[in-house]
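Let's take a walk through this model together, starting with one of its open spaces and ending with the enclosed ones. Keep the viewer open as you read.

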Amino acid sequence: MSMDVAALGRWGIDSLRELGRAGLLLLRVVFRLPDFKKGFPLVMQQVYAEGVLSLLIIVVSGLFIGMVVALQGYHTLVKFGAAQQLGPLVALSVTRELGPVVTALLFAGRAGSAVTAEIGLMKATEQLSSMEMMAVDPLRRVIAPRLWGGFISMPLLAIIFNTVAIYGAYLVGVKWLGLDAGAFWSNMQTSVDFHLDVINGLIKSVVFGLVIVWIALYQGYYAEPTSAGIANATTRTVVYSSLATLGLDFVLTAMMIGGW
Amino acid sequence: MLSQRTIESFVGLFLLAAMMALMVLAFKVSGLTSFFKPKSYTVIAMFDEIGQLKVRSPVKMGGVLIGEVSSITLDPQSFKAIVKMDIDHRFNEIPDDSSANILTAGLLGDNYIALTPMYSQTFLKSGSTIEDTHSAMILEKMIGQLIYKLGGGSSSKASTTTSNTSNASDSNKIDDSNHNVDTQKRIQK
Amino acid sequence: MTNLVEISNLHFERNKRVIFDGVDIVIPQGKITAVMGPSGTGKTTLLRLIGAQLQPGEGRILVAGENIHRLSTDALYKLRKKMGMLFQSGGLFTHLNVFENVAFALREHTKLSNDMIRSLVLMKLEMVGLRGAQNLMPSELSGGMARRVALARAVALDPQLIMYDEPLSGQDPISMGVLVKLIRTLNDALGMTSIIVSHDVTETLSIADYVYVMANGKIIGQGTPDAINQDKSAQMRQFVDGLPDGPVPFHYPAKALDQDLLGVS
């Protein structure tokens, strides 16, 4: 029994220590801004690697999720004779929840894992050490651009996801199921509020983006420099950032709706 | 490895796509108009009951969108709802004796204000008040009346004439409670 | 003659395992100093301590007269520009080609024009004989070539001090010969100070000016290569001559074999 308590305590202290280490990493990265001329191309490269290369999976998933929500929603709404409300149903669920959350989950799987594996391998092959010995700070040269890249890419991806998903719903609702296009859009416009729905959704996605890249960078930077260590770190990135996304989503939604 | 130029072009396209998507979200999806608000003038109407009317609900005339509700407040003296609506300046010759109705789009749709034009030669202008208003139909009240009417019809045998239906809401108010008891009893059976 | 690096009373432990237990080493300027010892004696750790990537438990390390572990981050980075380090694996940046790898430090630390950088990089690559490979990616290089590129990169800023971590291990005889010659040339022609950490006895003794031999966290012998070859102590002889058993036991500590086989506990 006392052993269990001790183990629990050790686990607690270890977790706390890990959180502290991750916090320090974030602080060191955020407050050591790269100078603009050198940093800008690096951030661009990361926006490309994390954003542009994630675009395909985001667009395809967005299209299908929009179509499925429209199909499911239509068959439920039609029972109440409220098929005209399909537009609002899709637009609200996509802009408020599905857009930011699904984009974040896909982003964690696509870009987060890649970042962890890349940093972990750079560490294992002594690239980070040799950079340090060349008097180049890896936090500034390698870690910071990835953080800003994710920070910029994530909301852009979420915006694109939202639009594509709503268009997918339009395809199913209007083109296939034969709803009136005018009613579809005008009902959507009266019930979706730009600030409350669209902007709040994007605020969420900014937070998710930051947290996911942070987790990915931390896991990569402190990965055990072996094949198994990097594999574990990559898995942890996906698991932790998915859980963090869902947990934070609840907190943020409660804050936005409940007016904390 | 891609050259920096290629990468930057792709990122530029990505940004452009995202901006266009944001435009779609703003104007097509959320119908945001406040960035480029069309010129409009404000008209006030007071209602006893506005139902589900919200800020930004549409204002229509003959089914055509001519404006939207800009604010809803409660008058502390008369306890009436004060509804302000912005009407597109293109429709600047609406007779000032027109009436405002709160209607519902479909059975479960949202409320909107329908203006019905009359014949006055003076027109509504900014700050005018529409005097002739009709409150929203509240579904619960209508159902209540319906049930009451059906109840009244079966208990007092001779009351199936059309005149009864037309002034049902006035004449039956007096023994409202009795009938309600009646209805409940029947439901229990 | 001055000393570029002075290590005094160095103590360091990792995961409760003592790696250095009071080590004193001086690296004279302009010479090739070798630190040798069996695997696991913390030779790489020593280089990381000199580069201040690790903090010592006790003792101090002076590099160019400055206590490197007391420096501010800025001063440390400034000092590191005067150091080059060749890692065991090379540590080439896999996302950059050979040319960009060598140009990396120049681009980061100087404001030279592209033409100047190009000339400097090509000179360094010419020196290691790989100018023709400038457009290859690191994954297309053989191990020996990768190490030569890493060497060109380490000397790109013409450092005063260059540290080699096992430069010769795992090399075929030809590339070993090439590297030995390069290390010597760099040291003499460019006036660098070199530290070689290695366990390749013959080759290291053939290029070093002065040698330290370490075992069990202590210096067990030092001197010129000749002196090392003539040292009579049993520990030294075992290492230099490569005897399987001696003061450094062949067997990892264990109980007696017959007991283990019989499963007696």
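Helix H1 of chain A is the leading contributor to the lining of the second largest pocket, giving seven residues. Bear in mind as you look that this is a predicted model. The pocket in question holds about 1100 Å³ of space. Other elements that give two or more residues to its lining include helix H4 (86-124), helix H5 (127-133) and helix H6 (138-176) of chain A, and chain C joins in with strand S1 (3-14), helix H1 (43-50) and helix H2 (73-80). To find the middle of the second largest pocket, look for A:Lys123, A:Tyr221, A:Tyr222, C:Gln53 and C:Leu54, which lie nearest its centre among the 32 lining residues. What is the chemical character of that lining? It divides into 13 charged, 12 nonpolar and seven polar residues.

Now step back to chain A itself. Its secondary structure consists of nine helices and zero strands, so reading from the N terminus you meet α elements one after another, in the order α-α-α-α-α-α-α-α-α. Along the principal axes, the C-alpha atoms of chain A fill a box of roughly 65 × 55 × 35 Å. Of the 260 residues in chain A, 50% are buried. If you count contacts between residues at least 6 apart in the sequence of chain A, 84% of them join residues at least 24 apart. On the outside, chain A exposes about 11600 Å², with carbon and sulfur atoms supplying 71% of that area.

How confident is the predictor here? The mean pLDDT of chain A is 90, and 98% of its residues reach 70 or more. Element by element, helix H3 (residues 55-77) of chain A has the highest mean pLDDT, at 94, while helix H7 (residues 181-191) of chain A has the lowest, at 84. As a general caution, coordinates should not be read in detail where pLDDT is low.

Two single residues are worth a closer look. A:Gln46 sits in helix H2 (residues 36-51) of chain A. Is A:Gln46 buried or exposed? It counts as buried because its relative accessibility is 8%, and the cut-off for buried is under 20%. Leaving aside residues up to four places away in sequence, A:Gln46 touches A:Gly51, A:Pro145, A:Arg146 and A:Gly149.

C:Arg70 offers the opposite case: it is exposed, because its relative accessible area is 67%, and exposed means over 50%. You will find C:Arg70 in the loop between strand S5 (66-67) and H2 of chain C. The C-alpha atoms of C:Arg70 and C:Lys232 are separated by 40 Å, and the two residues are 162 residues apart along the chain.

Finally, let's turn to the enclosed spaces. How many cavities of 30 Å³ or more does a search of the whole structure find? There are three. The largest cavity contains about 130 Å³ of space. Its lining has 16 residues, with A:Met134, C:Met83, C:Gly84, C:Arg153 and C:Ala154 nearest the centre. H5 of chain A supplies at least two residues of this lining, as do strand S6 (83-86) and helix H5 (143-154) of chain C. By character, the lining of the largest cavity divides into 10 nonpolar, three polar and three charged residues.

The second largest cavity has about 60 Å³ of space. Its lining includes C:Leu4, C:Val63, C:Lys82 and C:Gln160, and it divides into six nonpolar residues, one polar and one charged.

Key:
Residues numbered from 1 in each chain as written. Chains lettered and ligands numbered in written order. Predicted model: local features only at pLDDT ≥ 70, side-chain atom pairs only at ≥ 80, totals over all residues. Heavy atoms only, no water. 1 Å grid on protein atoms, 1.4 Å probe; cavity = no way out; pocket = protein on both sides within 12 Å on 5 of 7 lines; lining within 4 Å. Points joined across faces, edges and corners; volume = space filled by probe spheres on them. Helix = DSSP H or I, 4+ residues; strand = E, 2+ residues; numbered from the N terminus. Nonpolar A, V, L, I, M, F, W, Y, C, P; charged D, E, K, R; others polar. Buried < 20%, exposed > 50% of the residue type's maximum accessible area, 1.4 Å probe, protein only. Contact = heavy atoms within 4.5 Å. Areas by Shrake-Rupley, 256 points an atom, 1.4 Å probe, with all protein chains shown as cover. pLDDT = per-residue confidence, 0-100.
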